[in-house]
Amino acid sequence: NEGGREQFIPRRNAFYASLHARLAALPGVKAVGILRAYTSGEFLIGDRTDAVPLEFAGCGVGAADYFHALRIPLRAGRYLDTSDVGENVGTVVINEAMAELCWPGADAIGRTFRTANLTVGRSYRVVGIVGDARADSFDQAVQPMFFRPYQDFGFGFGSYAPRFALRTASDPGTLVAAIRRELKAADPNMQRPVIATARQTLFDSTRAQRTY
């Protein structure tokens, strides 16, 4: 219900912020970014009447900037910041795949698009373009997508758990035990959090190719 939604989202966002602070305070951690809820929908680009399928996700901003933590390069415009938080703001960062799909050969900065579902009727404006990235495997297809601050994501935006990306000054594997302790302290009921290094995840994704 609406009352439950109003109470849940601030508590969730406060929990994410608290957990971010815990992880960022660990020795050797240089940056911590947050990503939440990959999901998809159909959108109308500019004056076009044909709907385009796009993915979108909630990301951290400011100290929790996901792009800075993973060193995903900015190709044009700017990254999101705290001024972009708020359901009525509508500014987005898009990846290169979306820029090429929606505005081929043109500058995507400042362009607008909106939800195809007229009952929702939400509009967005592009303020930045980031490089395409593959988070889980070298051969995964890059999907056209855009990003809004995770604080903007309420019910109906996917059920995926948040992903915290930590960049460390040395071998991240040495921090796994400390990370587990902080997760347990933040939420004793947390169910089996998955902790893995990006290097190992990408290496494991090539197991089949290496076997053959």
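A contact here means heavy atoms within 4.5 Å.

**View 1. Contacts and overall dimensions of the predicted chain.** This is a predicted model, where local features need pLDDT of at least 70, side-chain atom pairs count only at pLDDT 80 or more, and totals for chains, interfaces and linings use all residues. Residues are numbered from 1 along each chain as its sequence is written, and side-chain values use heavy atoms, with hydrogens and water left out. Among contacts in the protein chain between residues at least 6 apart in sequence, 70% join residues at least 24 apart. The C-alpha trace spans about 55 × 50 × 30 Å along its principal axes.

**View 2. The order of helices and strands.** The protein chain has six helices and eight strands, taken as DSSP runs (helices: H or I, at least four residues; strands: E, at least two) and numbered from the N terminus. Read from that end, the elements run α-β-β-α-β-β-α-β-β-β-β-α-α-α.

**View 3. The largest nonpolar core.** Such a core is a set of buried Ala, Val, Leu, Ile, Met, Phe, Trp, Tyr and Cys residues joined through side-chain atoms within 4.5 Å; buried means under 20% relative accessible area (1.4 Å probe, protein chains only). This one holds 18 residues, of which Leu 54, Ile 94, Met 98, Trp 103, Phe 113 and Phe 146 touch the most other members. At least two of its residues come from each of strand S1 (29–45), strand S2 (52–59), strand S4 (91–95), helix H3 (96–102) and strand S6 (123–130).

**View 4. Another core, apart from the largest.** This core has 15 residues, among them Leu 35, Val 61, Tyr 79 and Leu 80. Across the protein chain, 37% of the 212 residues count as buried.

Notes: Buried < 20%, exposed > 50% of the residue type's maximum accessible area, 1.4 Å probe, protein only.
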